[in-house]
Amino acid sequence: MAILAPSLLSADLSNLAGALKEVSVEGVEMIHLDIMDGHFVPEITFGSSTVYWLRQKTKLELDCHLMVANPEEQIPLFAKAGADWITIHAECTYHLHRMLNYIHELGCKAGVSLNPATPLTNLAHILSDIDLVLLMSVNPGYGGQKFIPSVLPKVVKMRETIEAAGLDTKIQVDGGIDPANIREVVNAGTDIVVVGSAIFKSPDAGSTAADLAKIIQ
């Protein structure tokens with residue numbers, strides 16, 4: 001059984017509250033928010049103030065994926081805004097262990113994201129400090145990209161490593177996931193599946209989210 005986390009990156013950004021309400025259906029326990037700063041990735045999306053106002057609209061867990069160049073500056077802002085999970089990229093800090101401790105000190109669950117080309121060995125000595133490993137199945141920065149199949153063996157290996165260590169670390173996969181491949185992604189060992197375009201570009205986002213949630217339950 002896996003959890004579906006709709007990504008608001010692909011929603012109508014002029015009506016985020018409406019999009020949030022639309023996908024708050026049975027089987028959805030988490031909302032994924034892609035935070036882009038225009039430096040680590042080209043695009044700019046949400047700030048902490050957006051997270052604050054969304055927090056007032058929902059009791060679902062808010063999962064903030066920070067694609068930012070200086071996460072130490074942004075972490076406290078999103079924690080204060082009401083994030084439940086804060087995930088940072090291994091590629092954007094020299095002090096990953098310190099950042100994970102910082103997130104925990106602020107009362108949030110801590111995640112680490114790896115780009116498709118970043119090896120799992122980067123996490124070898126800190127896995128016990130991580131609540132969530134986000135394996136990107138596209139190169140970060142844009143919604144609507146095609147799923148990279150070579151990430152699936154990476155998911156399998158990450159699942160084997162977590163189980164061998166006796167940990168409860170969650171695996172999340174994000175990028176290019178749709179009805180055609182979501183079952184395969186879960187079968188590889190994914191706990192949390194992030195879906196954006198396949199939900200919000202469909203004729204009925206709520207029904208699509210509900211259907212996808214049923215597939216992976």
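This report walks through the main pocket, the nonpolar cores and two helices of the structure above. Please keep in mind that the model is predicted.

**The largest pocket**

Let us start with the open space. The largest pocket holds about 270 Å³. Its lining is made up of 26 residues, and Gly143, Gly144, Gly175, Gly176 and Ser197 are the ones nearest the centre. Three elements, β2 (30-36), β8 (192-195) and α7 (197-200), each supply at least two residues of this lining. Sorted by class, the lining has twelve nonpolar, ten polar and four charged residues.

Gly176 also leads to a loop residue worth a look. Asn181 sits in the loop between β7 (170-174) and α6 (182-187). Because its relative accessibility is 10%, Asn181 counts as buried. Beyond its neighbours within four places in sequence, Asn181 is in contact with Phe147 and Gly176.

**The nonpolar cores**

In soluble globular proteins, nonpolar side chains tend to be buried together. Here, the largest nonpolar core has 65 residues, and Leu4, Leu8, Leu33 and Ile86 touch the most other members. Apart from this core lies another of nine residues, including Ala5, Leu132, Leu134 and Val138. Setting aside neighbours within four places in sequence, Leu33 is in contact with Leu8, Phe46, Val51, Leu54, Leu62, Asp63, Cys64 and His65.

**Helices α3 and α4**

Now for two helices and the residues they bury. In α3 (71-81), the buried residues are Pro71, Ile75, Phe78, Ala79 and Ala81. They line one face of the helix, because they fall within an arc of 155 degrees when seen down the axis of α3. These buried residues pack against β2, α2 (48-55), β3 (61-67), β4 and α4.

Helix α4 covers residues 96-105, with Leu96, Met99, Leu100 and Ile103 buried. Their arc around the axis is only 100 degrees, which puts them on the same side of α4. Arg98 and Glu105 are exposed, on the face turned away from that buried side. The partners of the buried α4 residues are α3, β4 (85-89) and β5 (109-114).

Each helix is followed by a glycine with a positive phi, as the table sets out.

| Helix | Arc of buried residues | Glycine after the helix | Phi of the glycine |
|---|---|---|---|
| α3 | 155 degrees | Gly82 | about 120 degrees |
| α4 | 100 degrees | Gly107 | near 90 degrees |

Finally, the two helices are linked to each other: the buried residues of α3 pack against α4, and those of α4 pack against α3.

Methods
Residues are numbered from 1 along each chain as its sequence is written. This is a predicted model: local features need pLDDT of at least 70, side-chain atom pairs count only at pLDDT 80 or more; totals for chains, interfaces and linings use all residues. Side-chain values use heavy atoms; hydrogens and water are left out. On a 1 Å grid over the protein atoms alone, a cavity is a set of points where a 1.4 Å probe fits but cannot get out, and a pocket is an open set with protein on both sides within 12 Å along at least five of seven lines; lining residues have an atom within 4 Å of a point. Grid points are joined across faces, edges and corners, and a volume is the space filled by probe spheres set on the points. Helices (H or I, at least four residues) and strands (E, at least two) are DSSP runs, numbered from the N terminus. Ala, Val, Leu, Ile, Met, Phe, Trp, Tyr, Cys and Pro count as nonpolar, Asp, Glu, Lys and Arg as charged, and the others, Gly among them, as polar. A nonpolar core is a set of buried Ala, Val, Leu, Ile, Met, Phe, Trp, Tyr and Cys residues joined through side-chain atoms within 4.5 Å. Buried means under 20% relative accessible area, exposed over 50%, partly exposed in between (1.4 Å probe, protein chains only). Contact means heavy atoms within 4.5 Å. The arc is that of the directions from the helix axis to the C-beta atoms.
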